[in-house]
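Open the model and keep the surface display at hand. The route runs through open spaces, then closed ones, then cysteines and one helix.

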Amino acid sequence: MNPAVNTPSIQSKLPHVGTTIFTVMSNLAAEHNAVNLGQGFPDFNCESKLIDSVTAAMRQGLNQYPPMAGVPVLRDAIAAKIKALYGHQYSAANEITVTAGATQAILTAILAVVHAGDEVIVLEPCYDSYVPNIELAGGVPVRVPLTPGTFRPDFDKIAAAITPKTRAILINSPHNPSGTVWTTEDMLRLQEILAPTNVLLISDEVYEHMVFDGQQHQSAVRFPGLAARAFIVSSFGKTYHVTGWKVGYVAAPASLSTEFRKVHQFNVFTVNTPVQYGLASYMADPKPYLDLSAFYQRKRDLFRAGLKPTKFKLLPCEGTYFQCVDTSAVCDLNEVEFCRWLTTEIGVAAIPLSAFYGNGFDQHVVRFCFAKKDETLHAALDRLAKL
Ligand SMILES: Cc1ncc(COP(=O)(O)O)c(C=O)c1O
């Protein structure tokens, strides 16, 4: 007799998670041969110098397990960069940890500090991993909206959301999807609100090097009252046009880094060696990240100029590589229907902002990614010109 062949049923830990809109739109874009301005990644290559650095590391035999927290030369380079840009000296030995992208960094920080029943404040619209990450840790996401229309933080609402159960708040500037950038006043206000609390800060700064029109990125690192309670998260994927490499880092005070590393150690343990060495030597030249804002500002301007004659209302884009537009004057479809129609009928894929809200809040705004070759942007603009 054969034993019964039967996969036991399980209770989902993330019952609300299905196929993401990013996958849905990318599949639809491929099916309809649409220009894909949906998912946020460049369609151009990184500098060959970076590939050469990684290749050289592989050829030198740097292919075995690195130290758990990352190779020392890369942690030194990260600490030096943060000091040069934001004026705070982290200990490379104890306060910088290299991660498998910002995604793992954020999940690990949450798993390290959030206990069952703890509340974690997220500001919606927000990156899609935040809420499932909090739920995986047994925490309770507390959603506070950014101001509709401007996407600026509403500090009265944030202050009102803090309770004795609040363990952490997640912020993201420059902001995906809206492209807003928090000002010095915003950061000071947050510092003031958090000062009397034990609330930790997880500051997602993956677009730190894409800030336009002479504005400065206000890293939480610059504000001592924030830095002392913060996990600062960044990503080499965004900065060096290598999103597929999935390497990022976390900077946090030693006591927070110790707890972070306990989880990191038994999760990914560490991150691939040759890419770390390659990044470390490439980082010796600050030019690539110092030039990045100008590089993307030119693309933003090209894309915005092309959209100007259309009925789209352009929202401000202060940073990131995303341009949001209000579609109400084009037609009255809701955001998801609009994106489907735009992909299938016009041949350009975008992402509905409702995908970044837990309740699918619809404000007739969609997001385009302009991290694309000029020819890709022109191809999209040619198609969008009829709207
Ligand atoms: C706001 C934000 N945080 C985190 C990430 C993830 O970064 P990584 O690819 O390094 O995991 C992204 C990627 O799109 C993002 O937009």
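What follows is a walk through pockets, cavities, cysteines and a helix.

This is a predicted model: local features need pLDDT of at least 70, side-chain atom pairs count only at pLDDT 80 or more, and totals for chains, interfaces and linings use all residues. Residues are numbered from 1 along each chain as its sequence is written, and side-chain values use heavy atoms, with hydrogens and water left out.

Start with the open spaces. On a 1 Å grid over the protein atoms alone, a pocket is an open set of points with protein on both sides within 12 Å along at least five of seven lines; a cavity is a set where a 1.4 Å probe fits but cannot get out; lining residues have an atom within 4 Å of a point. Grid points are joined across faces, edges and corners, and a volume is the space filled by probe spheres set on the points.

The largest pocket holds about 630 Å³. Its lining counts 25 residues, and His16, Val17, Asp128, Pro132 and Ala355 lie nearest the centre. Helices (H or I, at least four residues) and strands (E, at least two) are DSSP runs, numbered from the N terminus. Both α1 (21–31) and α5 (130–136) supply at least two lining residues here. α5 gives the most, with five. By class, the lining has 12 nonpolar, nine polar and four charged residues. Nonpolar means Ala, Val, Leu, Ile, Met, Phe, Trp, Tyr, Cys and Pro; charged means Asp, Glu, Lys and Arg; the others, Gly among them, are polar.

The second largest pocket has a volume of about 530 Å³. Of its 26 lining residues, Gly40, Thr103, Tyr127, Lys238 and Lys246 are closest to the centre. Two or more residues come from each of α4 (101–113) and α9 (236–239). α4 gives the most, with four. This lining splits into 10 nonpolar, 11 polar and five charged residues.

Now go inside. The whole structure has four cavities of 30 Å³ or more. The largest cavity encloses about 60 Å³. Its lining includes Leu123, Tyr130, Leu146, His175 and Trp182. Strand β5 (residues 166–172) gives the most to this lining, with three residues. Eight of the lining residues are nonpolar, two are polar and none is charged.

The second largest cavity has about 40 Å³. Among the residues that line it are Lys81, Glu208, Phe236, Tyr249 and Met283. β7 (230–235) and α9 each supply at least two. Four nonpolar, three polar and two charged residues make up this lining.

Turn to the cysteines. How many disulfides does the structure hold? Zero, where a disulfide is a pair of cysteine sulfur atoms within 2.5 Å. Cys46 is unpaired because its sulfur is 17 Å from the closest cysteine sulfur, in Cys369, too far for a bond. Cys331 is in no disulfide either; the nearest cysteine sulfur, in Cys339, is 10 Å away.

Finish at α1. Ile21, Phe22, Met25, Ser26, Leu28 and Ala29 are buried there (under 20% relative accessible area; exposed is over 50%, partly exposed in between; 1.4 Å probe, protein chains only). Seen down the axis, these buried residues fall within an arc of 165 degrees, so they line one face of the helix; the arc is that of the directions from the helix axis to the C-beta atoms. The face turned away carries the exposed Ala30 and Glu31. Cover for the buried residues of α1 includes β1 (35–36), α14 (335–346) and β13 (365–369), with contact meaning heavy atoms within 4.5 Å. After α1 comes Asn33, with a positive phi near 55 degrees.
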